Each structure stands twice: as C-alpha cells, then as structure tokens.
Amino acid sequence: MFSVFFPPVAVFFLLWINRFWEGVSMGNALRFLCSACCNPDAEGSGSLGPHGVTAATVGVSALARDIFHYEITSQVPEGLGHHVVSSKKAQANWYNKLLQAWKEAKPPPRTPEEATRLVTETLKRHQKQDVEGLLAFYGLPLPQTLIQTSGTPLSLPQGVQFQFFTLPVDAKAVADGDTVTVYVDTADPRESASVPREVHDAAIRRSKARALRNYVQADALQKEIVEAGYRVISIANGTDVLARKYRIRLRGIDAPESSMPYGKEAKQELLRIVEGNCLNIFAYEEDQYGRTVGDVYSNGSFVQELMLKKGLAWHYAAYDQRPQFAKWERDARAARVGLWASPNPEKPWEWRKNRRNWR
C-alpha cells in the first residue's frame, strides 16, 4: 500500500518545491501542509465542515492547499459547486485571483480572520452569495462577524515615551494573555547607540566562530549575549541580526492567569494574533518587573481591543481609565463571549491577591 501511495506524494512535494522558486515561501507551504496533514484537530474537536475540516485554522490550511493545487492542476475543489451559484469557469477565475493575492501577501494569512479578509478583498466585485459560499466551504468566518479595531494612531498618543517596531514574533514569545516577549533590531537608530560594547563584540566573535564551525564557542557567546538582554536571531533570508529583548505588558488589560479558567484560551488567542508578525508598539513606561507597558498593534489591529472584544481580558481600570476599554468590556460581557460565558468569573488581580495571602 505504501509503495502505491508514495509516488503521488513525491510528485506533489516536488511541485511544491517548484512553487518556492516562483516566489512562494516554502516555509509557509510546509507549515500549511503540516497543519493540514499532521494536526487536523489542532483547534479542538467538532463536526466536520463541508470541506472535511474540524476547525477554522485547518480551514485556512485547506484554502492554501487548494489555491496552490489549482496552480498545479487548474482544477477547482470538488464540492464547491454545492455552496456557490456561479459556474466552474467563474470559480477558476476566483482561484486565479486568490493565487496571485496569496503570493503577494506578506506574510500570507495564518488566521481565519486574515484569510476571510484576503478572500473578501480579492473577490469584492463578485456576488456576495458566492463569496459567502466560498468562505462557508472552508469554515471561515463571514465578513460581518469579523471584529473591527480602531487601527494604528496616525500620531503618537499622549504619554507615549517612544515607538518601536519588532522583529517577527515567535511561538514561544507569549507568556499569557497580556504579556509578550519581543526583539528589536539593534540597527534601529534608537537602539544602535545603546548597545553595550561587550555585546557588540560578542556578536562579532560568535559570527566568526560559526563560520569556523566552532559551535561550542558560538553557543557560549550566544549565552553571554542573552544574559545581557540581547539575542542573535537568524531571519528569513539567513541573515543574523543582533536584537534587543523587550518584555511587553499590554497596557490597560488584565488577562486570566494561565492556571485560571480561560487562561489557556487567552494565551492562545494572543499568540494567534501576534505570531509571525512584526509588532508596532507605543511604549508608555516600565513597570516594577522591568516590563515595558505599551499599546500593541499587529497587522494594523489594536491587540488590547481584540482581547477585550473577544472576552479574554478585563479592562484594568486601576491602571488605565480609557473609556473605550470599559465599553469594549461591557459589550463582550453583554454578549457573554469568552470568559463572560461564566456568570461570575474571578478577576485576575483578586486571584493573585488570594494566592499571595494563602502563601
């Protein structure tokens, strides 16, 4: 059975490699393949959708797979015709457009919301029934259900000490629903003047050690750099970047702690919003734990607003009196979304206080 199954897989894999040389990110292609084939239940159980997927994230993978499969075969997926009204010729036109849009997206969609926005923007001149049918086929949210956010301010808000942009956030960066670790390229003018000389020298020596394949020395130098609050990071094109570490506390919200109800959901949601993205951060102050307290924007969306509207954080009114934060919490509470599905969820600051008293 394996010998019969293997050749098509090998051919399919080689075709995917060919996509890389035409400008498609192989890393993203493999990520989609892995998420679709190796972890079909990543988002939890549930009834199968029309495309045979159990979760919206896998729906993003299915959409990516079908788009690139169309480029190889010029075939639209079977069963789509049951959800749309237009002909197969029209469907082929959609996939042509989606293929081009997907290639041009940097980064390509990773979340259901991002995939929905790409589909609706690309097919905005097509029939609404067809667009909604295509989204339903992949289990993606309809446009009217997407949460809209305020967008990035055009000027620095009052109280902001500085603004900075991060390198792409990795999967280990999120500690909980209101804290994320980020890295900033020291080539940034604001950072370059403050890099300690010993860190700069260690980065140069590490590069030379790696060139000589002296990985023991290179690892020791990396540890020295990390202990100083920096890290050498390899970015997508293979270039090493010396970056400064920042721990960011999202200003104005307090998410459930990891061991509280909805703590894991809050952490996963924040990770889903920021992973792989370069964040735009407005820094206000430093807290008692050395974290930078700031407003965070990911792909133009205000992260605190998303967390509040999804019901995965409280408005931290003791430290932030912005009225819109209170409104976003009230709206989520009224809709009973996220943690507000519980009649009386415990506040994280009270939970922490009780834990301290117990100790």
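Colleague: Which side chains of strand E1 point to one face and are buried, and which point to the other?
Modeller: In this predicted model, strand E1 covers residues 162–165, and its side chains alternate along the strand. Phe 162 and Phe 164 point to one face and are buried, while Gln 163 and Phe 165 point to the other face and are not buried.

Colleague: What do side chains do in a regular strand in general?
Modeller: In a regular strand the side chains alternate between the two faces of the sheet.

Colleague: Which strand does E1 pair with, and over how many bridges?
Modeller: E1 pairs with strand E7, residues 280–286, in the antiparallel sense, and the pairing runs over 4 bridges. If you follow Phe 164 across to E7, you find that its bridge partner there is Ile 281.

Colleague: Let's step back, how many helices and strands are there in the chain?
Modeller: The protein chain has 13 helices and 10 strands. It is 359 residues in length, and 43% of those residues count as buried. As for contacts between residues with a separation of 6 or more, 66% of them come from residues that are 24 or more positions apart.

Colleague: Now E3, how many of its residues are buried?
Modeller: Strand E3 spans residues 179–185, and 6 of its 7 residues are buried, so this strand is largely enclosed by the rest of the structure.

Colleague: Which strands does E3 pair with?
Modeller: With strand E2, residues 174–176, E3 pairs in the antiparallel sense over 2 bridges, and a hairpin of 2 residues joins E2 to E3. In that pairing, Asp 176 stands opposite Thr 179 in E3. E3 also runs antiparallel to strand E5, residues 240–250, and 7 bridges join these two strands. There, Tyr 183 stands opposite Lys 245 in E5.

Colleague: And what does Ile 233 touch?
Modeller: Ile 233 lies in strand E4, which covers residues 230–234. Leaving aside residues up to four places away in sequence, Ile 233 touches Leu 167, Tyr 183, Thr 239, Asp 240, Val 241 and Ala 243. Leu 167 is 66 residues apart from Ile 233 along the chain, yet the C-alpha atoms of the two are separated by 9.2 Å.

Colleague: Switching to helices, at what angle do H8 and H9 pack?
Modeller: Helix H8, residues 197–211, packs with helix H9, residues 215–227, at an angle of about 160°, and their axes are 8 Å apart. Angles over 145 degrees count as roughly antiparallel, so H8 is described as roughly antiparallel to H9. The crossing of these two helices is left-handed.

Colleague: Which residues make that contact of H8 and H9?
Modeller: Among them are Val 199, Ala 202 and Arg 206 of H8, together with Ala 218, Leu 221 and Ile 225 of H9. By class, the contact of H8 with H9 has 8 nonpolar, 2 polar and 5 charged residues.

Colleague: What about the angle and axes of H4 and H5?
Modeller: Helix H4, residues 88–104, and helix H5, residues 112–122, pack at an angle of about 125° with their axes 10 Å apart, and that makes H4 oblique to H5. Their crossing is right-handed. On the H4 side the contact is made by Lys 97, Leu 98, Ala 101 and Trp 102, and on the H5 side by Leu 118, Val 119 and Thr 122.

Colleague: How do those residues of H4 and H5 divide by class?
Modeller: The residues of this contact divide into 5 nonpolar, 1 polar and 1 charged.

Note on methods:
Residues are numbered from 1 along each chain as its sequence is written. This is a predicted model: local features need pLDDT of at least 70, side-chain atom pairs count only at pLDDT 80 or more; totals for chains, interfaces and linings use all residues. Side-chain values use heavy atoms; hydrogens and water are left out. Axes are lines fitted to C-alpha atoms, for helices over the stretch in contact, and angles run from 0 to 180 degrees between N-to-C directions. Angles under 35 degrees count as roughly parallel, over 145 as roughly antiparallel, 65 to 115 as roughly perpendicular and the rest as oblique. A crossing is left-handed if the near helix is turned anticlockwise from the far one by less than a right angle, and right-handed if clockwise. Contact means heavy atoms within 4.5 Å. Ala, Val, Leu, Ile, Met, Phe, Trp, Tyr, Cys and Pro count as nonpolar, Asp, Glu, Lys and Arg as charged, and the others, Gly among them, as polar. Buried means under 20% relative accessible area, exposed over 50%, partly exposed in between (1.4 Å probe, protein chains only). Two strands pair if DSSP finds at least two bridges between them.
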